[in-house]
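Thank you all for coming. I would like to take a few minutes to walk through one model, beginning with a single residue and working outwards from there.

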Amino acid sequence: MKIDAAYIRVSTDDQIAIKLNSMGIVSKRGNAFESRTIEYILSNPAYIGKLRRNPNGTDVQT
């Protein structure tokens, strides 16, 4: 399940977290998802494409 696509369809962080948890998907630490985790993921500059890596290894804002 792509979280960004779910956000467009479902609209709330709570509903996305509930859906992920009902599907048995856990966070990288093995915990259930919370709405604040979804909010963090969806506002992460790297995840939403506002930050990318240069070939020399430095981060740049897009």
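Let me begin with Glu-34, which is partly exposed, its relative accessible area being 39%. Please keep in mind throughout that what you see here is a predicted model. Glu-34 sits in the loop between helix 2 and helix 3, and its side chain meets that of Arg-36 in a salt bridge, with 2.5 Å from N to O. The structure holds one salt bridge, so that is the pair to look at, given that a salt bridge here requires a nitrogen-to-oxygen distance within 4 Å. The partner, Arg-36, counts as exposed, at 59% relative accessibility, because the cut-off for exposed is over 50%. Glu-34 can also be placed relative to Gln-15: the two are 19 residues apart in sequence, while their C-alpha atoms are 9.7 Å apart in space.

From Arg-36 we can move on to helix 3, which covers residues 35-43 and has Ile-38, Ile-41 and Leu-42 as its buried residues. Viewed down the axis of helix 3, these buried residues fall within an arc of 90 degrees, and they therefore line one face of the helix. On the other side of helix 3 we find Arg-36 again, together with Tyr-40, both of them exposed.

Now, how does helix 2 lie with respect to helix 3, parallel or perpendicular? The axis of helix 2, residues 13-22, comes within 8 Å of the axis of helix 3, and the two cross at roughly 110 degrees, which makes helix 2 roughly perpendicular to helix 3. On the helix 2 side, the contact is made by Asp-13, Asp-14, Ile-16, Ala-17 and Leu-20, and on the helix 3 side by Ser-35, Ile-38, Glu-39 and Leu-42. By residue class, this contact of helix 2 with helix 3 divides into five nonpolar residues, one polar and three charged. Two of the names in it, Ile-38 and Leu-42, are ones you have already heard among the buried residues of helix 3.

Let me finish by stepping back to the whole protein chain, which has three helices and two strands, running α-α-α-β-β from the N terminus on. Of its 62 residues, 18% count as buried. Finally, if we take the contacts in the protein chain with a separation of 6 or more, residues 24 or more positions apart account for 21% of them.

Terms used
Residues numbered from 1 in each chain as written. Predicted model: local features only at pLDDT ≥ 70, side-chain atom pairs only at ≥ 80, totals over all residues. Heavy atoms only, no water. Buried < 20%, exposed > 50% of the residue type's maximum accessible area, 1.4 Å probe, protein only. Helix = DSSP H or I, 4+ residues; strand = E, 2+ residues; numbered from the N terminus. Arc of directions from axis to C-beta. Axes fitted to C-alpha atoms, helices over the stretch in contact; angles between N-to-C directions. Parallel < 35°, antiparallel > 145°, perpendicular 65-115°, else oblique. Contact = heavy atoms within 4.5 Å. Nonpolar A, V, L, I, M, F, W, Y, C, P; charged D, E, K, R; others polar.
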